[in-house]
Amino acid sequence: MSRIRVLVGTRKGAFILTADGRRQQWEVNGPLFAGWEMYHLKGSPVAPERLYASQTSGWFGQQVQRSDDGGKTWEQVDNKFHYEGVPGTHQWYDGTQHPWEFKRIWHLEPSLTDPDTVYAGAEDAALFKSQDGGKSWQELSGLRNAKGHLWQPGAGGMCVHTVLLDPSNPSRVFVAISAAGVFRTDDAGQTWQAANRGLKSPYELPDPDAEVGHCVHRIAMHRSRPGVLFMQKHWDVMRSDNAGDSWSEISGNLPSDFGFPIDVHAHEPETIYVVPIKSDSEHFPPDGKLRVYRSRAGGNEWEALTEGLPQKDCYVNVLRDAMAVDALDPCGVYFGTTGGQVYASADNGDTWSAIVRDLPAVLSVEVQTLP
């Protein structure tokens, strides 16, 4: 029977949650790296015992850790992230120019084919790549050439927070940056193009034809259809059927089109999940009811999934990297909250239960389906 491993990053350490394929009884291990902000943990698709973790501390700065035994032991790898050349400046909150400064790694994305290759999305926004298991990092500096001087921070900083690798084309990578937008490379990171046509951001970006500057919160794809992308934006849920060349809105009947995470069912490419929150100033569920919304039509038509989730007096948030799916059938769906709960559904989202409660605020959730 398959096993499930859930990797949880929180504001005060990491936790590893494990269960068999029934997904009913869970073992909770942690905290690992107690007291550290664990921005992201993720395992290699081809060598699942190889895990990468990004941690940061106001005292000790940024560190990347690697495990080769599924999280039992860890070693610190290289943490030298240097921008290539003279990085120059980007826009600041007030519209002035501000020097590029490295702060932390928000997201780690292991290669689909090589456990020693991993990408790291940074703040200030840049994409780094290691081909030796994290022993050294090189910036894919062509990304900043895509009008990087016009990028500016969102409320949480200016970060590369999403990295999607095209399983059918190893030279194609998508990234999402807050607040700059979506960018795509078709030549393994040498050159990049903005992929934001059709996005509208009237409140934070009055220019209706702006090529960059959109506050994209998260993008997702199904590995069987890498040309179809789904997006949760600062406002609006969006879809692209042409690898980001253009976007159309699919918010439909959602109670709010503001949120952070979005993910795709493991076996149904037209089934997507979002967690709406009230607004950009009120980061909690509408009416205090925690509801995951599912569309089985690729958007526009949404149903609330509530069974097992609190339906009154709930004022938590679900952050952009805090939702994931497993590869079992029926598909398991998982998400963590800023209130420290990690919820799981073993039936495509129809019913939910809390794996664990009262953790520190959850920053990221990733899932591994193990033999």
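Is Cys314 buried or exposed? In this predicted model, Cys314 has a relative accessibility of 7% and counts as buried, because the cut-off for that class is under 20%. Cys159 is buried too, at a relative accessible area of 1%. Cys159 takes part in no disulfide: the nearest cysteine sulfur belongs to Cys215 and lies 8.5 Å away. Across the whole structure, the search returns zero disulfides.

The next topic is the nonpolar interior. In soluble globular proteins, nonpolar side chains tend to be buried together. Here the largest nonpolar core holds 35 residues, and the members that touch the most others are Val6, Leu17, Val292, Tyr334 and Phe335. Strands that supply at least two residues each to this core include β1 (3-10), β2 (13-20), β27 (333-336) and β30 (362-370). Apart from neighbours within four places in sequence, the contacts of Val292 include Tyr273, Val274, Val275, Leu305, Met323, Phe335 and Trp352. A second core, separate from this one, has 33 residues, among them Trp100, Ala125, Leu127 and Val175.

Two of the strands named above, β1 and β2, also belong to an open sheet of four strands, ordered β3-β2-β1-β30 and paired antiparallel. Its edges are β3 (27-32) and β30; each has a single partner strand, so one side of each is left without a neighbour in the sheet. On average, neighbouring strands of the sheet are turned by 15° against each other, direction ignored. Strands of a sheet pair through backbone hydrogen bonds, either parallel or antiparallel. Between the antiparallel strands β1 and β30 there are eight bridges, and Ile4 has Thr369 of β30 as its bridge partner.

Terms used
Residues are numbered from 1 along each chain as its sequence is written. This is a predicted model: local features need pLDDT of at least 70, side-chain atom pairs count only at pLDDT 80 or more; totals for chains, interfaces and linings use all residues. Side-chain values use heavy atoms; hydrogens and water are left out. A nonpolar core is a set of buried Ala, Val, Leu, Ile, Met, Phe, Trp, Tyr and Cys residues joined through side-chain atoms within 4.5 Å. Buried means under 20% relative accessible area, exposed over 50%, partly exposed in between (1.4 Å probe, protein chains only). Contact means heavy atoms within 4.5 Å. A disulfide is a pair of cysteine sulfur atoms within 2.5 Å. Two strands pair if DSSP finds at least two bridges between them. Axes are lines fitted to C-alpha atoms, for helices over the stretch in contact, and angles run from 0 to 180 degrees between N-to-C directions.
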